[in-house]
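Here are some worked exercises to try with the model open beside you. Have a go at each task before you read its solution.

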Amino acid sequence: MTFRSSRRELLVSGAGAVAALGAGAGPVFAGQADGRKLGYAIVGLGMYADVILPRFAECRHSRVTALVSGSREKALRYAAQYGVPESGLYSYETFDTIRDNPEVDIVYVILPNGMHHEYTLRAAAAGKHVMCEKPMANTAAEAEEMIAACRAAGRKLMIGYRSHFEPANREAMRIVREGELGRPRIVTAETGFNIGDPTQWRLNRALAGGGSMMDIGIYSLQAARYLTGEEPVSVSAVESTDRSDVRFREVEDTINFQLTFPSGVVANCVSTYGSNHNRYRVVGTDGWLDAEPATAYNGNRLRLRRGRETVELTPPALAVNQFSGQLDHLSQCVMTGAEPIVAGEEGLKDMRIIEAIYRSAREGRAVTLQA
Ligand code: NAD
């Protein structure tokens, strides 16, 4: 069987056939940047900073020029590893003096969620552009303040939604939005993991803003939105948390939510801190698309069903990975004046929907969202 897409043609010889990903796999373009590499300051040297820092080696427009940590010993160790000068090392107390460092263009906030708001405001006040990790903040009100602060300072704000730069996810968006499945009807998205240490910040309400929904369920929400390309008009959610479990004294464990979109497509989503999930499926009138793992750091896999054929779409040998793609995108936007494809406004949309999800679960009714 052969079927066409607008940008590439897949030749399918039978069930389980393998095909290369198409144009959706390419880098995200943000205008013609010059040959400079902009300097990033990494704030918070935890688990995810360890994922990000090595990826600067693959960047064309970005380099790491400063580190912010509560531990001088740790900062010196990381500085030696990543070639950051001692003049680029800051503590949380000295962070504001980063305004005097011309080697820093962008501050990347990789702190617990509850600290995103404060450090984004401080970075903007220091005249720096900001990359802020997901979820953008603890509340939509905080997110609004972050957008306003960056706008007032004339600085860009981007959220670390790496899936928008990941080839398999970009191809999935293209397939659904260009109608290769016919009319999308049902999206299912499940994200979760079995959370351990009960003393970690992810289980502390002030530092996390909430439970699984803020941390991992946001990937299900994002997928439902970026796959359909639509904004939900209503949400209905049910929470399930064993409050006698020492991990869930302050935040929720599982929350199942349903989003209804203007075209009629419905997304059924799972967010949990109790079991491992990382997948989504879109079923349309003419076929389905399945991703598992869907939003992993690497090795994401897509399968596409059309007619009687199922084809596995294999990610290409990547010129650009999601991490360096994300980092370079903001650098390019700063250089060209373009707006990031996942600017602060994108993070704010998620915060508003998450608040509606919590409200729906709390009040036991569907909540209508403003267009
Ligand atoms: P982590 O606990 O491993 O690291 C947090 C860092 O913040 C540590 O260096 C810690 O020392 C520092 N910190 C400063 N003040 C702190 C305080 N009061 N309490 C706790 N830590 C404090 O966390 P992480 O997994 O690196 O997550 C950091 C952020 O990155 C979170 O917002 C998270 O949602 C996000 N994240 C994003 C991805 C992604 O794929 N985009 C993946 C993981 C984490």
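Contact here means heavy atoms within 4.5 Å. The model is a predicted one: local features need pLDDT of at least 70, side-chain atom pairs count only at pLDDT 80 or more, and totals for chains, interfaces and linings use all residues. Residues are numbered from 1 along each chain as its sequence is written, and side-chain values use heavy atoms, with hydrogens and water left out.

**Exercise 1. Contacts of two helix residues**

Task: Find which residues Glu346 is in contact with, leaving aside its neighbours within four places in sequence, and decide whether Glu346 counts as buried or exposed.

Solution.
Step 1: Place the residue. Glu346 belongs to helix α9 (residues 344–363); helices (H or I, at least four residues) and strands (E, at least two) are DSSP runs, numbered from the N terminus.
Step 2: List the partners. With neighbours within four places set aside, Glu346 contacts Tyr161, His164, Gln222 and Arg225.
Step 3: Check the accessibility. Buried means under 20% relative accessible area, exposed over 50%, and partly exposed in between (1.4 Å probe, protein chains only). Glu346 has 14% relative accessibility, so it counts as buried.
Step 4: Repeat for His117, in helix α3 (residues 116–125). His117 is buried because its relative accessibility is 16%. Not counting residues up to four places away in sequence, His117 touches Glu142, Glu145 and Met146.

**Exercise 2. The cavity**

Task: Work out how many cavities of 30 Å³ or more a search of the whole structure finds, and which residues line the largest cavity.

Solution.
Step 1: Fix the terms. On a 1 Å grid over the protein atoms alone, a cavity is a set of points where a 1.4 Å probe fits but cannot get out, while a pocket is an open set with protein on both sides within 12 Å along at least five of seven lines; lining residues have an atom within 4 Å of a point. Grid points are joined across faces, edges and corners, and a volume is the space filled by probe spheres set on the points.
Step 2: Count. The search finds one cavity of 30 Å³ or more, and the volume of the largest cavity is about 60 Å³.
Step 3: Read the lining. Tyr161, Arg162, Ser163, His164, Ile218, Tyr219, Gln222, Ala223 and Tyr226 line the largest cavity. Tyr161, His164 and Gln222 also appear among the contacts of Glu346.

**Exercise 3. The pocket**

Task: Say which residues lie closest to the centre of the largest pocket.

Solution.
Step 1: Take the volume, about 630 Å³ for the largest pocket.
Step 2: Of the 32 residues lining this pocket, Met47, Tyr48, Lys134, Arg202 and Tyr297 are the closest to its centre.
Step 3: Assign elements. α1 (47–52), α7 (212–228) and β14 each give at least two residues to the lining of the largest pocket.

**Exercise 4. Strand pairing**

Task: Trace the order of the six strands in the open sheet, then find how β10 runs against β14.

Solution.
Step 1: Two strands pair if DSSP finds at least two bridges between them. The order in the open sheet is β6-β5-β4-β7-β8-β9, with parallel pairing.
Step 2: Find the edges. These are β6 (89–90) and β9 (157–159), each pairing on one side only.
Step 3: Look at one pair. β5 (residues 62–68) and β6 are parallel over two bridges, and Leu67 stands opposite Leu89 in β6.
Step 4: Turn to β10 (residues 184–192). Eight bridges join β10 to β14 (residues 277–284), and the two run antiparallel; Pro184 is opposite Gly284 in β14. Seven bridges join β10 to β13 (residues 266–272) in parallel, where Val187 has Ala267 as its bridge partner.
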